[in-house]
Amino acid sequence: MSNFPSTARVVIIGGGVVGVSSLYHLAKAGWTDCVLLEKNELTAGSTWHAAGNCPNFSTSWAVMNMQRYSLDLYAGLEKEVDYPMNYHVTGSIRLAHSKERMQEFERARSMGNYQGLDLEMMAVSDMKDRYPFMETHDLEGGLWDPADGDIDPAQLTQALAKGAREMGARIERFCPATGVTRDGAEWIVHTDKGDIRCEYVVNAAGYYAQRVAEWFKPYGGRTLPMTVMSHQYFLTEEIPELAAWTKENGRKVPLLRDVDTSYYLRQDKNGLNLGPYERNCKAHWVTPQDPMPEDFSFQLYPDDLERLEWYIEDAMARVPMLGTSGVGRVINGPIPYAPDGLPLIGPMPGVPNAFEACVFTFGITQGGGAGKVLAEWITEGQTEWDMWAVDPRRYTDYTDQDFCDQKAMETYGHEYAMHFPHHVWPAGRDRKLSPVHDKILAAGGQMGTFNGWERANWFAKPGDDTSEESTQTWDRNGPWALRVKEEVEAVRDGVGVLDLPGFSRFNLSGEGAAEWLRGRITGGLPKVGRMNLAYFGDNRGRILTEMSILRHGEDHFTLITAATAQWHDFDVLRPARDAGLTLTDHTTEYSTLIVTGPNSRALFEALETKADLSFGWLTHQAAEVAGTPCALARVSFAGELGWEIHAANADIPALYDAVIGAGAKPFGMFALNSMRIEKGYRAWKGDLSTDYTLLEGGLDRFVKLDKPQDFPGKAAMQLEKQAGSKKRFVIMTVDAGDQDAPYMSTVWHDGAVVGETTSGDWGYRVNSSVALGMLRADLAVPGTEVEIDIFGKMCKATVQPDQPLWDPQNERIRA
C-alpha cells in the first residue's frame, strides 16, 4: 500500500456523480492534488439506480443556472474525455392542467430565455405533433424544453472520473473513509488503507451524508438535515407501436412530465419508464425498526407498486399505449431529500475548511453544475452565481430529524408543486415561537416561517377565508389583501406593532473590535449611542451581506441581521475570533417589537417611557417602557416614525400587552414587505446578493473608497468606479395586472432584455405596483419607460428617481 496517498489538498468522501464532478472541476481549476474516496465502486449509491433525466427547468434562478451548466458540459464531455456515453436529447413537454400552471411555465420560460435556454410555451394544438400518443382534451397547454433528455448515470460518472484522472486527480475505490480528526489547520481523513492529511474535506456521501457529518461534530458541526426517501420507477416491456414509430422517425418521443398529476414518463429503448412522486410516499431508515445498513451499495428496496396505482392509472389514461405492455422491471431505491428538496452545496456550517456537496434529489442533472460551484467555493472562496438557494447555512438549529422527515415527505409528495407567494407549507411548523405567539394567534395571526421562527404574515378577522386553497394563486388579491391594506393604513395614519422574533443578533467586543470592523465593512462605523447600516463585500465588490451595527462603546457592538442570515453572517464575523475578539450569538435570548407610525411617540409618552424620545433617527438607548426594561432603537423598516423595542424574551409579553393596550394595531410581514418596497429598502438574498456589486446595487453612500482600511472588494470597486457599472439598481412603478413582479422577472426595452426585477409588491401608500430591480446603466434614468414580463404578460413600467416613492425626503421618519 506504499502507493496510497498520505497528503492531498482536498479529500472528497463519496464517489457518486456529484463527488466525481467536484473532483473533475477541482482538477480543471488547477487543483490536481485531490483525492476521492469511495467505499465501493463509483456510482454505488443513488447514482447507479438514478433514472438519469436531465431537465433545465427550475423556478430557482440558482438551480436553473446549475442545471443549464450541467447540460452544456454533458453535451461536449464524450468528445472531451473520449469516453462513450448514451446521452439522448429528446426534448420534453411539461403539461399544464390550469391557468396557474401556465403562469408558472411563463415565468420559467422567461428566466430560461434570459439564461440562453430555448424554452417555449406550447398550445394544446401543438402537442400531438410532438407527442402523437398523448391525450390532450383536459389540458391548458404546456412548456417545451428542447435540451431536456436523459443520460446514463454510470457512463457520465465514469467519463468525469476519466477526465479527473487524466488531469492528475486520484480516485481510491473500495476505500471507505472511517472518520476525521483536526490537527492544527489541517484535516486527517482516516481509512483502513491509511490516513490522508489535507487542507479541505468535502462530504459528498449522498444518502450517507448525515452519517459522515457526525464525524465533524467535535469541530463545530451539526446533525445534517436530510431524510432518505424511497423513489420508485418502472420500465415496461417493449411496446411494438412505440418501436415502429421510433424506427420510422429515427428518434425517441420527448420526455413527458405531468406535473399536476406528479410523474414523468420517458422512452427507454422501445418501452416506457414511468416515475411518479406519490403523495402517499415512504421514507426509509427513519425508525429503530428500520436502521440504515452499514453498506447498501448497488442494492434496492422491495417493489411496492401498490403505492403508485393511482398514478399509473392516470398515466395510462394520458398515454394509453403505456397499458398495452407488461412491467419489465421495477427500481425502488434510496434518494436523499433535504427539507426543501434542494441540495446542500457550500461551506459546512460551523466547521473550518469543510464543505458539503450532498443530499441531491436530482443529482444527475445538477451534478455538473454542483461540481463547478463546489470547486469555486474551495479554490476561490466564492461562487460565480449567488448560490444561497442551496447553501447548507440556510438551515439552522431547528432542523431536528422529525422536522426533516415531515418536510421531506411533504416536498417529495409535492415535487412538482407551484410555490405561490402567499402560500405557506403546513408540515414541520412551530419550531421556534415568539414569547407572545399565543397572543398573535388569538388576534388572528396567519403565520409564516422565517429561519424556523413563526411570524404573522397578516391578521385575519372572523369570517375571513384562511384556507390553504385560498393561497394557491399568483394573484396579489386574496382574503389577505384587504387586511394588509388596513394594516398599512394603520401604520400610515396611527401606530402599528409587529412582533418580530428571530432577528439574528451578535455581540462583538474586545480591544480592537472597531478597527477590525472597519477593515471588513465598506463604509464607516456609527458613533457610540448611534447605529447604522453596514455592508460586507466579497473581493469582487459584490454584496455579501448587510448588518445593522449598534455601537455601545468604543469597542463594543451589537450586529443585527436577517433571521435567515444567522449562520451565514456568523461565518462572516467568525474571523473576529481569530483576532482575539469576543463574538457571541444572542439570537434566541432576545426578541423585537417594531412600533411604528406617526402616533408612536405619543404611544410611548402615554406608557410613561423612561427614555429620551427626542433622540434622533438612528440612535439607540437603554430604556423602560411601562416599567419593563428594554432597549429602544430609533429606526423603522416601514418608513414611518418608529422605534424597535429589543428586550429579553421574558419581558416581551408585558411590553406587547402595554403597546397593544395603548392602541397599537398588530400588523404582519406582508404589510412590512409592501412598506419597505415603497421605501426602496433592499431585502437580503433578493435585492442584496452576490450576483451584484455594491455600486450596481446603488449602495454608493455606504462605500468609503477613501478610508485607509483595505476592506474586501475595495480594489474591485475602485476599478468599477473608474470604468462605470454595467447595471444599476432602480425603483419602478408598474402598470401591473393582477400579479406583482416576482423575483427575476425580465425587464425589456426596444425588444431586448435589459435587466431583471429583484422583488415586487403592491404599495398601498402609493397605490401602485412597485418593482425593485437591476437595469442596464444607460437606462437607469428617471422617466425611462420599460416593460416587465410578469407571468408572460408585458407590463409597462417607469423608472423612478433614486429616492423612496413614499416620503422621499424621509420627513416622516425624522419627525
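**Getting to know a predicted protein model**

Me: Which residues does the UniProt annotation "domain: FAD dependent oxidoreductase" cover?

Reply: What you see is a predicted model, and this label comes from the UniProt record, in an unreviewed entry. In the model, the span is 31% helix and 28% strand, and its end C-alpha atoms lie 14 Å apart. The residues that the annotation covers are 9-377.

Me: Where does UniProt place "domain: FAD dependent oxidoreductase central", and how far apart are the end C-alpha atoms there?

Reply: The UniProt record, again an unreviewed entry, puts this feature at residues 380-434. Over those residues the chain is 25% helix and 0% strand. The distance between the end C-alpha atoms is 39 Å.

Me: What share of the "domain: Aminomethyltransferase C-terminal" span is strand?

Reply: According to UniProt (unreviewed entry), this annotation covers residues 727-805. The end C-alpha atoms of that stretch lie 21 Å apart, and helix makes up 0% of it. The strand share is 58%.

Me: How many helices and strands does the whole protein have?

Reply: Let's step back from the annotated spans. The C-alpha trace spans about 85 × 65 × 60 Å along the principal axes. Counted over the protein, there are 21 helices and 38 strands.

Me: Why does the radius of gyration agree with a compact globule?

Reply: The reasoning starts from the chain length, which is 815 residues. A compact globule with that many residues would have a radius of gyration near 28 Å. The value for the protein agrees with this, because it is 27 Å.

Me: What percentage of the contacts with a separation of 6 or more joins residues 24 or more positions apart?

Reply: Here a contact means heavy atoms within 4.5 Å. Among contacts in the protein with a separation of 6 or more, we look for residues 24 or more positions apart. Those account for 72%.

Me: Is Leu517 buried or exposed?

Reply: Leu517 is found in helix α14, residues 513-518. Leaving aside neighbours within four places in sequence, its contacts include Leu508, Phe536 and Ile549. A residue counts as buried under 20% relative accessible area. Leu517 has a relative accessible area of 0%, so this residue is buried.

Me: How many positive and negative side chains does the protein have?

Reply: Lots of charges to count here! The centres of the two sets lie 5 Å apart. The totals are 79 positive and 112 negative side chains.

Technical notes. Residues are numbered from 1 along each chain as its sequence is written. This is a predicted model: local features need pLDDT of at least 70, side-chain atom pairs count only at pLDDT 80 or more; totals for chains, interfaces and linings use all residues. Side-chain values use heavy atoms; hydrogens and water are left out. Helices (H or I, at least four residues) and strands (E, at least two) are DSSP runs, numbered from the N terminus. The radius of gyration is taken over C-alpha atoms; the globule rule is 2.2 Å times the number of residues to the power 0.38. Lys and Arg count as positive and Asp and Glu as negative; His and the chain ends are not counted. The place of a charge is taken as NZ of Lys, CZ of Arg, CG of Asp or CD of Glu. UniProt positions are given in the numbering used here, feature names are shortened, and annotations may be inferred rather than shown by experiment. Buried means under 20% relative accessible area, exposed over 50%, partly exposed in between (1.4 Å probe, protein chains only).
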